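Good morning, colleagues. Please look at the sequence and the model on the screen while I speak.

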Amino acid sequence: MNGDHHVILRVVAKALIPIIALFGFYVHFHGEYSPGGGFQAGVILAVSIILYSLIFGIAPTMRAVTPGFARAVAAFGFLLYTGVGVVALIRGGNFLDYDALIRDEPGGHLGQHVGIIVIELGVLFAVAGSMVTIFYAFAGRVSEIRDEDW
Amino acid sequence: MSGYEGSDLFIALLNITLLSILFVIAIAIARLRSLFAIVMLSGIYSLVSATWFVALDAVDVAFTEASVGAGISTALFLGAMLLTSRTAKAEEGITKIVPLLVVIATGAMLVYASIDLPAFGDPNSPANTHVGVEYLERTKPEIAIPNVVTAVLASYRGFDTLGEVGVVFAAGLAVVLLLGFGERSLGATVRQKDREIDTNANPGGEDER
């Protein structure tokens, strides 16, 4: 690939991609206080990976985030979400009853906070992993994106 | 629209402007043949709708529309576009007219149905009187987090969200089942390149794999 006439794109992307990923985590951990949550955060994280692969090629991306890893993350996210429900069941509550996760004094809501953060983390993993997997399935079938393809 | 009297005209102008932009983009998408331009325009369409959702005070929906519609869909469409040709074939004859008639009929029905909808922001509408008020009142003592949308999504409707995550995961799985993991063609090239790097690093060395 001729890198010369994409130099501005590459430099800007190199500076932007870490900020996009960081913003994804901000959206996730700030989801209790502002718009956004695990779903949007997962999508933003996936976009940062996909943007990298669109600009620097799919092969280096697949070496950094392997397709197997993306699939495993997606499955882990779904299991994490379900796992919170099962833990609540084991601790004597209903399925996904976060109050049962942590016993604290009446009026306290630590269980709700922990439950919401953890299931949102599950959403983040499942969404980011699934999106990257879908992108790999589409883009992985052509070996390299040529300039004239745009 | 109580409390908004002074800015009613401004809000109306904003809505009209944004909706006209959406209309123009939609017409352009329908008339274009280049798939790349269509993908880019649909991304812009999502971005403008997200702006409009902000104007309607639906910030969470706007955020999702911006990240999913303008972000990931555009990237996925670009990836899918690489698998097919770059231009769409022009429709001819009856296939050109029938979709237009269907769209006009559906649009007319939707406009007719919208006459029965409560006014935007109406405090007496069903959405603002029964469950909505309940959530607003109960989130603070029961969940104790400031964002009611997150409380509804993750806690009150935790079961629904689990189902949605399952749907996303199943969608990823279905694409993989249909198209393959994406590493069959590319994994080979990656391994090939790795091998070349290894041989270049220690020329004449033994193949360690």
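I shall take the two chains in turn, then their interface, and then selected side chains. Please keep in mind throughout that this is a predicted model.

Let me begin with chain A. Chain A contains 5 helices and 0 strands, and its elements, read from the N terminus, follow the order α-α-α-α-α. Of its 150 residues, 49% count as buried. As for contacts within chain A at a separation of 6 or more, 62% come from residues 24 or more positions apart. The accessible surface of this chain amounts to about 7000 Å², and carbon and sulfur atoms hold 70% of that area.

Chain B is helical in its listed elements as well, with 9 helices and 0 strands. From the N terminus on, the order is α-α-α-α-α-α-α-α-α. Here 25% of the 209 residues are buried. Among contacts in chain B between residues at least 6 apart in sequence, the share that joins residues at least 24 apart is 45%. Chain B exposes about 13700 Å², with 69% of this supplied by carbon and sulfur atoms.

I turn now to the interface. How many residues does the contact take from chain B and from chain A? Chain B gives 51 residues and chain A gives 56 residues. Between them the two chains bury about 4800 Å², and 75% of that lies on carbon and sulfur atoms. The rule finds 0 salt bridges across the interface of chain B and chain A.

Where, then, is a salt bridge to be found? Over all chains the structure holds 1 salt bridge. It is formed by the side chains of B:R138 and B:E134, with 3.3 Å from N to O. In general terms, side chains of opposite charge can pair when their charged atoms come close. B:R138 and B:E134 are 4 residues apart in helix α6 of chain B, which means that about one helical turn separates them. Buried or exposed, or something in between: how does B:R138 count? B:R138 is partly exposed, at 37% relative accessibility. B:E134 is likewise partly exposed, with a relative accessible area of 37%.

The next topic is the aromatic side chains. Over all chains the structure holds 8 aromatic pairs. One of them is formed by A:F76 and A:F125; this pair is tilted, with 5.6 Å centre to centre and 50° between the planes. The pair links distant parts of the chain, since A:F76 lies in helix α4 (residues 67-90) of chain A and A:F125 in helix α5 (residues 110-139) of chain A, 49 residues apart. A:F76 is partly exposed, its relative accessible area being 47%. A:F125 is also partly exposed, with a value of 26%.

A second example comes from chain B. B:Y135 and B:Y156 form a tilted aromatic pair, with 5.1 Å centre to centre and 45° between the planes. This pair too links distant parts of its chain: B:Y135 belongs to helix α6 (residues 131-142) of chain B and B:Y156 to helix α7 (residues 148-156) of chain B, 21 residues apart. Are the two tyrosines buried or exposed? B:Y135 has a relative accessible area of 18% and therefore counts as buried, the cut-off being under 20%. B:Y156, at 27% relative accessibility, counts as partly exposed.

Rings from both chains also come together. Ring pairs link A:F23, A:Y26 and B:F63 into a cluster.

Two further sites deserve a brief look. The first is a nonpolar surface patch of about 560 Å², made by A:V7, A:I8, A:V11, A:V12, A:L16 and A:I19. Of these residues, A:I19 has its place in helix α1 (residues 7-29) of chain A. A:I19 counts as exposed because its relative accessibility is 52%, and exposed means over 50%.

The second site is B:T74, in helix α3 (residues 59-81) of chain B. At 11% relative accessibility, B:T74 counts as buried. Which residues is B:T74 in contact with, leaving aside its neighbours within four places in sequence? They are B:V39, B:M40, B:G43 and B:G69.

To close, I return to the interface: chain B and chain A bury about 4800 Å² between them, and the rule finds 0 salt bridges across it. Thank you for your attention.

Technical notes. Residues numbered from 1 in each chain as written. Chains lettered and ligands numbered in written order. Predicted model: local features only at pLDDT ≥ 70, side-chain atom pairs only at ≥ 80, totals over all residues. Heavy atoms only, no water. Phe/Tyr/Trp six-rings, centres within 6.5 Å; stacked < 30°, edge-to-face > 60°. Helix = DSSP H or I, 4+ residues; strand = E, 2+ residues; numbered from the N terminus. Buried < 20%, exposed > 50% of the residue type's maximum accessible area, 1.4 Å probe, protein only. Contact = heavy atoms within 4.5 Å. Areas by Shrake-Rupley, 256 points an atom, 1.4 Å probe, with all protein chains shown as cover. Patch = residues over 30% accessible without salt bridge, like charges linked within 9 Å, V, L, I, M, F, W, Y side chains within 5 Å. Salt bridge = Lys/Arg side-chain N within 4 Å of Asp/Glu carboxyl O. Buried area = accessible area lost by both parts, 1.4 Å probe.
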